[in-house]
Amino acid sequence: MLYDRVLRPLLFSLPAEKAHNLTMAQLKALQGHALGRALLRNWAGPISPQPVQAMGLTFAHPVGLAAGLDKNAEAVRGFFALGFSHVEVGTLTPRPQPGNPLPRLFRLPSDQAIINRMGFNNHGAESAAARLAERDPAWGIVGGNVGKNKDTPNDRAEEDYIRAMQALAGKVDYYTVNISSPNTPGLRDLQHEAALKTLLDSVATENKRTQPIPLAVKMAPDLTKDEVQNMARIAATCGFQGIIATNTTIDRGGLRTSAEAVTAMGAGGLSGRPLAQRSTRVIEWVREAVGDHLAVIGVGGVFTAQDVLDKRNAGADLVQVYTGFVYQGPGMVGQLQTAWKND
Ligand SMILES: Cc1cc2nc3c(=O)[nH]c(=O)nc-3n(C[C@H](O)[C@H](O)[C@H](O)COP(=O)(O)O)c2cc1C
C-alpha cells in the first residue's frame, strides 16, 4: 500500500538511477539501527520458515535478491530485514570501475521492465569484502557475484575472476561467475565452449585451493537450447553446483513501450516481465540437460505467485528478483514465498 500509493510514484518521478541511489541511502540508514531494521521487517510482513537445500547450502526460503541491486554490499543487512533468504552482491570486479556514462538505467512502466547498461560500476571486490566483514550470524546466505574489469582482455579474464574471488573468500557463502552481462564488451563470448571450460576449470581449481564453497554460473537468456545445455554440462563437469538462469536479454521483441522510446534508450539488457517466459524456458533446458546434478536458481520477470510457480515447475530450486522488487516493493517477498509453499 505505502509503496504502491506513495513511495513508487515518488521514486518513479525521479530519474531511475537517482531513485536507486536514494533507495539505497534510505536502506543504509535504516539498517544501522534496531528500530530501522524492525521497521523494514514490519514492512516486509511475515516470512515463514521454509528451508530449501540447494548447492549444499540451506536457504531459509526460496526467494532471494538478484545481483546488481546491491553491487557493493552496502545494504545487505537491510535486504535481509526485508525478508530475502539470500542476497547476491556484485557484480564485483577486482579493481573498482565507474561503469558506463549516464544515463544508463531506464524504466519501461508499460512493460514493467527495465533497460540497463550500467557496465559493472562497482567499488571493487576488496571494498565489498570489508563491508561483509561485519557480517551477523543472523543473516541469510550471501552470494558473491564476480566479473572481470572492462579493460581486461578475455584471454586474461580468469585472473580477474580469481582475484575477485580471493578478495571475497571467507565473506560469502557461494560464488557466481557472471559471464552473461550484455554491458561489458565481449563478456558473453566467455560462454562459448573452449573459453568457458578454461574459465570454469580455473575458478574451480582456485576454489579448491582454500575452503571450497559452492560455485554457480550465470547464463544469458539469448542462447540456443544447445548452447544452454552445453554450458550446463560443462559447469557440472567442472564441479560447479548451480546455474543461475538468467541475466537480462538484448532482445527487444513484443514490448508495449513505443519502438521510438526503446530505441532512444539505446543498448543494454532488458529485465522484468518481458523476460519471464524466456528465462523459464532456459531453466527447463538446464534441468533437462543436467537432471538433479546442479541446483537451478530461476531469475527473470518474477512478479507474482504464478511466476514463482512457473519457475518452480520448470525445475528451479530457488528464485531471485530484481525488477519485480523495483515495481512492487518490499511486500512481495512474503507473497512469493507463500506461493511456493502453498501450491
Ligand atoms: C539495473 C540492473 C543491474 C544489474 N546488474 C547486474 C550485475 O551487476 N550482475 C548480474 O549478474 N546481474 C545483474 N543484473 C541482472 C539481474 O540480476 C537479473 O538477472 C535480471 O535483471 C533478471 O531478473 P529480473 O527480471 O527480476 O530483474 C542487473 C539487472 C538490473 C535491472
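1. Helices (DSSP runs of H or I, at least four residues) and strands (runs of E, at least two) are numbered here from the N terminus. On that basis the protein chain contains 13 helices and 13 strands. Three of these strands, β4 (86-92), β6 (113-116) and β11 (269-272), each contribute at least two residues to the shell around the ligand.

2. This is a predicted model, in which local features need pLDDT of at least 70 and side-chain atom pairs count only at pLDDT 80 or more, while totals for chains, interfaces and linings use all residues. Residues are numbered from 1 along each chain as its sequence is written, and side-chain values use heavy atoms, with hydrogens and water left out.

3. The radius of gyration, taken over C-alpha atoms, is 18 Å for the protein chain, which agrees with the value near 20 Å for a compact globule of 343 residues; the globule rule is 2.2 Å times the number of residues to the power 0.38. Along its principal axes, the C-alpha trace spans about 50 × 50 × 40 Å.

4. The ligand is surrounded by 24 residues, of which the closest are A67, T91, K218, G301 and T323; a residue is taken as near if one of its heavy atoms lies within 4 Å. By class, this shell divides into 8 nonpolar, 14 polar and 2 charged residues, where Ala, Val, Leu, Ile, Met, Phe, Trp, Tyr, Cys and Pro count as nonpolar, Asp, Glu, Lys and Arg as charged, and the others, Gly among them, as polar.

5. Polar contacts to the ligand (pairs of N or O atoms within 3.5 Å) include one from a polar side-chain atom of N178, which lies 3.1 Å from an oxygen atom of the ligand. A backbone N or O atom of G301 lies 2.7 Å from a ligand oxygen atom, and a polar backbone atom of T246 is 2.9 Å from an oxygen atom of the ligand. Taken alone, the ligand exposes 600 Å², of which the protein buries 98%, with areas from the Shrake-Rupley method and a 1.4 Å probe.

6. T246 also deserves a look at its backbone, since the peptide bond from A245 to T246 is cis, with omega near 15°. T246 is found in the loop between β10 (242-245) and α9 (259-265). A further cis peptide bond joins L102 and P103, with omega about -5°, and P103 is in the loop between β4 and β5 (105-108).

7. A73, in the loop between β3 (63-65) and α4 (76-81), has a positive phi, near 60°, although this residue is not glycine. For context, most residues other than glycine have a negative phi, and most peptide bonds are trans.

Note on methods
Polar contact = N/O pair within 3.5 Å; in protein donor to acceptor, adjacent residues only side chain to side chain.
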